[in-house]
Amino acid sequence: MTSIIEAALPYRSPEKAISYSSYSVESDSSPVDAVIFAGISLVLGTACRHLFNGTRVPYTVVLLVIGIVLGSLEYGTNHNLGKIGNGIRIWNDINPDLLLAVFLPALLFESSFSMDVHQIKRCMGQMVLLAGPGVLISTFCLGALIKLTFPYNWDWKTSLLLGGLLGATDPVAVVALLKELGASKKLTTIIDGESLMNDGVSVVVFQLFFKMVMGHNSDWGSIIKFLVQNSFGAVGIGLAFGIASVIWLKFVFNDMVVQITVTLSVSFVAYYTAQEWAGVSGILTVMILGMFFAAFARTAFKGDSHQSLHHFWEMVAYIANTLVFILSGVIIAEGVLSGQKISYKGNSWGFLFLLYFYVQLSRCIVVGVLYPLLCRFGYGLDWKESIILMWSGLRGAVSLSLALSVKQSSGNLYLSSETGTRFLFFTGGIVFLTLVVNGSTTQLLLHLLRMDTLTVTKKRILEYTKCEMMNTAFKAFENLGDDEELGSADWSTVIRHISSLKDLEGRQVNPHNGYEAGNLDPTNIMDIRIRFLNGVQSAYWEMLDDGRVTRSTANVLMQSVDEALDLASTNSLSDWRGLEPCVHFPNYYKFLQSKMIPRKLVTNIIVERLESACYISSAFLRAHRIARQQLHDFLGNSNIAATVINESEVEGEEAKQFLEDVRDSFPQVLSVLKTRQVTHYVLNHLNGYMKNLEKVGLLDGKEVSHLHDVVQSDLKKLLRNPPLLKLPNIDDLIATNPLLRARSSFRSDVA
């Protein structure tokens, strides 16, 4: 026999070719029927999303129930759904590897790409603990309990195979609910990130035990080599595709279609390369790829492209989730209603509920054992968050696909057909129970733990904002309430139709009045600092869209705000601290002026570094100025607002001083930067002007397209060949700078 790592890595058994159809479909069926089923699934999913929006019922639970109903009608009534039934059977008979390859890359890339990179970095230790040791603990706990209590005479390898199969979590319903209820971002990141890494690790563990069940040798050396190759190989391939894609995107200018297509295609190509060609984990590969994009490519998509990209991937994830969960329900219904008997003296349903209890117990053991370490890594973890973490271990499409692959690979010397059917039954039942029970009760659990309530500070801010909304509405009424065509409007009727503004007149109170300057509530100060820093980050995004900063500069600026947000509860504003290493004078300028060094190299080394520092400093000052004005407009002259504004002004002193030094010593640098910014702004302004002319009907589409191409060509030239700086000669520099002239004279006198 071959060793485990010499065997092929796909999930199907090497001893047996998989049949692509478990059931005979009537002769009048057509491949078009599969399209009919997909279309009906999307219509049903859209209707459910519309009907259940705003309710406590998770969307994915409803989809699963719809799938079970459709599967029960088809397989329980002997094919009475006609064309729809043909489509159901075609989709149900698709090879599970194909299902994974079609749906997983899109779902994994969307989840990992939409995550906050800074949050991932801080929570990485917790995510690795839960997805590494956590999966192993869960697998062995479930395997041992199944082996010792289930009456199927399964050996340890088969029991551990089911334990590993059930290790892949899919908390789509819980994460969506946590985001909707405004739960802490760190908890959402931990659960979502653990799920991503968990899927990859669980599939690797599943592959390991699957090969062992199929009779391959399993010495410790082969096992370790197998795990290392799958893990590190996936990381390497994901990084390679990420680097290549980011380099490609640098050469794409304002072409939204190309940018989106690159992200879509690279996710599928990376998955296929890893899973089928390199024989490593495709799930881990796509997860690493998505995180790499989130870290290094988020500023490559600006303005409309950035929004369009996220909307596109949200739509792809929505379509994939809809089809996956409806199809999962069909698979569950088919596993129960057709095929071989799954009962063991009529007690299989009882053992299903027992297995559900074991799944929850193993999750509690994992979180309990790792709790001391989870509290020490990243942002920490309190006991309330640990309870939600225990309850969020839902199972989903990955577990079902793996169970289906076991069923299709069964019916041989190593794995009986009855065992394969039981695997599908138990897995489908666990998916259903975790989604229905855990997913539907998470909101109640959050309420019991008081994790869905707003803090006193946030409540005061909301009340104050509502009063500001009343003032804004009244100003709008003054401007629109009377015109020469229609006459006047009735203010009382307007208010009656705007429920959010009822009972607010005369109750406006600044949420931060009543605090003395020396006796400020730390919680309130932290809240205002966070809001201020969010405003700074928003200003950075606007500057990136306007061409005031480059992509690399924007990444540095965003990261400094993320780091300052972590310290907002204990320190004053500190986003400049993360920028200081990037902002300083090169002290080797005079040495590089020697004739031995090419002047082009000097320009690249000195000037570009100095330009980057000037970009950072000017953007920092502008963003803080914008955020200070916004905070003052919102809260007025309250003591807390004045405290944060004062912290911001202190922060900007070093940036101002640096720009003054550059202005005294290298005025050409600031001139070139301003020239680039103005040129970029004028070209963007021309784009907006042309769109407005088209909007009001003064230009038609062909005329606008011609002018737009000309302006885009100028923008592309500006980015690829920006105005260059002529580096001053050292003698001219000394002659124009009094400080350097004095130093040179002093050294001459000493000599």
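In which helix is valine 682 found? In this predicted model, valine 682 is found in helix H25, which spans residues 667–695. Valine 682 is partly exposed, with a relative accessibility of 40%. Leucine 715 follows valine 682 by 33 residues along the chain, and the C-alpha atoms of the pair are separated by 10.0 Å.

The protein has 751 residues, of which 49% are buried. Its secondary structure consists of 28 helices and 2 strands. Among contacts between residues at least 6 apart in sequence, 81% join residues at least 24 apart. The accessible surface of the protein amounts to about 35800 Å², and carbon and sulfur atoms account for 60% of that surface.

The average pLDDT of the protein is 78, and 80% of the residues score at least 70. Two segments with pLDDT under 50 are noted here. Over residues 1–27, pLDDT stays under 50, and the model has 79 contacts beyond four places in sequence for this segment. Over residues 514–519, pLDDT likewise stays under 50, with 8 contacts beyond four places in sequence. Where pLDDT is low, predicted coordinates should not be read in detail.

Helix H6 (residues 133–149) packs against helix H14 (residues 348–376) at an angle of about 145°, the two axes being 9 Å apart. The crossing of H6 and H14 is right-handed. On the H6 side, the contact is made by Pro133, Gly134, Ile137, Ser138, Cys141, Leu142, Leu145, Ile146 and Thr149. The H14 side contributes Phe351, Leu354, Leu355, Tyr358, Val359, Leu361, Ser362, Ile365, Val366, Val369 and Leu370. The residues of this contact between H6 and H14 comprise 16 nonpolar and 4 polar, with no charged residues.

Asparagine 153 lies in the loop between H6 and helix H7 (156–165). Most residues other than glycine have a negative phi. Asparagine 153, although not a glycine, has a positive phi of about 55°. With a relative accessible area of 76%, asparagine 153 is exposed.

A second helix pair is formed by H11 (residues 256–278) and H12 (residues 282–296), whose axes come within 8 Å and cross at roughly 145°. H11 passes H12 in a right-handed crossing. From H11, the residues in contact are Thr263, Val266, Ser267, Ala270, Tyr271, Ala274 and Gln275. Their counterparts in H12 are Gly282, Ile283, Thr285, Val286, Leu289 and Phe293. The contact of H11 with H12 divides into 8 nonpolar and 5 polar residues, and no charged residue takes part.

Serine 245, in helix H10 (residues 220–250), touches residues that also belong to the contact of H11 with H12. Beyond four places in sequence, serine 245 touches Val262, Val266 and Phe293; Val266 of H11 and Phe293 of H12 are among the residues through which those two helices meet. Serine 245 has a relative accessible area of 4%, which is under the 20% cut-off, and therefore counts as buried.

Alanine 278 is placed in helix H11. At 33% relative accessibility, alanine 278 is partly exposed. When residues up to four places away in sequence are left out, alanine 278 touches Ile237 and Thr273. Alanine 278 and glycine 233 are 45 residues apart in sequence, with a C-alpha to C-alpha distance of 8.0 Å.

Two further serines were examined. Serine 114 is found in the loop between helix H4 (96–113) and helix H5 (117–131). The relative accessible area of serine 114 is 37%, so this residue is classed as partly exposed. Serine 114 and alanine 294 are 180 residues apart in sequence, while their C-alpha atoms are 6.9 Å apart in space. Serine 409 has its place in helix H16 (residues 397–409). Serine 409 counts as buried because its relative accessibility is 0%. Glycine 420 is 11 residues from serine 409 in sequence, and the C-alpha to C-alpha distance between these two residues is 7.7 Å.

Conventions:
Residues are numbered from 1 along each chain as its sequence is written. This is a predicted model: local features need pLDDT of at least 70, side-chain atom pairs count only at pLDDT 80 or more; totals for chains, interfaces and linings use all residues. Side-chain values use heavy atoms; hydrogens and water are left out. pLDDT is the predictor's confidence in each residue, from 0 to 100. Contact means heavy atoms within 4.5 Å. Axes are lines fitted to C-alpha atoms, for helices over the stretch in contact, and angles run from 0 to 180 degrees between N-to-C directions. Helices (H or I, at least four residues) and strands (E, at least two) are DSSP runs, numbered from the N terminus. A crossing is left-handed if the near helix is turned anticlockwise from the far one by less than a right angle, and right-handed if clockwise. Ala, Val, Leu, Ile, Met, Phe, Trp, Tyr, Cys and Pro count as nonpolar, Asp, Glu, Lys and Arg as charged, and the others, Gly among them, as polar. Buried means under 20% relative accessible area, exposed over 50%, partly exposed in between (1.4 Å probe, protein chains only). Accessible areas come from the Shrake-Rupley method with a 1.4 Å probe; for residues, only the protein chains shown count as cover.
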